[in-house]
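Trainee: Could you take one part of this model and go through it closely with me? I would like to see how the nonpolar core is put together and what lies around it.

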Amino acid sequence: MKRALLVALSLLPLAAFAKDGAGDRWTQPDHGYYQSYPSYRPYQVRIERGVQDGSLTRWEARRLQRQLDDLRAKRRDYLADGYLSRPEQRDLERSEQALSEAIRYQRHDDQNRYWQR
């Protein structure tokens, strides 16, 4: 009798866990849906800092700002249906990486706004 009671009590937490795990399938959000809005503020700050310290010319800053605006518009278009698919996520990640590399390249290409060395 004690043995049966001990086995039943030891299996009780497992049964509760199994029930909760199965129920969570319908309450957990679908990871394909957009969860949080990434901030493009760091890109904006890098562009502004480059203009302020003279490492970006006005033309370079305008072009980079246009790329950032295009990236924001692309994200807005992809999220129009409320769903961000894997190919869309990859496309946005590639665009973000390309923008980051463009900012880095333009800030370090030795074209100074004030032509100081």
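Mentor: What follows is a look at the core, set within the chain as a whole. Please keep in mind that this is a predicted model. The protein chain has four helices and zero strands, so that reading from the N terminus the elements run α-α-α-α; of its 117 residues, 25% count as buried. The largest nonpolar core has 14 residues, and those with the most contacts inside it are Tyr43, Ile47, Leu64, Leu68, Leu99 and Ile103. Helix H2 (41–53), helix H3 (58–78) and helix H4 (86–107) each supply at least two residues of this core.

Ile103 gives a useful view of the packing: leaving aside its neighbours within four places in sequence, Ile103 is in contact with Tyr43, Ile47 and Leu64, and also with Arg46. Tyr43 comes up again around Glu96, a residue of helix H4, since Glu96, with neighbours within four places in sequence likewise left aside, is in contact with Tyr40, Tyr43, Leu71 and Arg75. Glu96 has a relative accessible area of 17% and therefore counts as buried, the cut-off being under 20%.

Turning back to the whole chain, among contacts between residues at least 6 apart in sequence, 72% join residues at least 24 apart. The protein chain exposes about 9,200 Å², of which carbon and sulfur atoms supply 55%.

Key
Residues numbered from 1 in each chain as written. Predicted model: local features only at pLDDT ≥ 70, side-chain atom pairs only at ≥ 80, totals over all residues. Heavy atoms only, no water. Core = buried A, V, L, I, M, F, W, Y, C linked by side-chain atoms within 4.5 Å. Buried < 20%, exposed > 50% of the residue type's maximum accessible area, 1.4 Å probe, protein only. Contact = heavy atoms within 4.5 Å. Areas by Shrake-Rupley, 256 points an atom, 1.4 Å probe, with all protein chains shown as cover.
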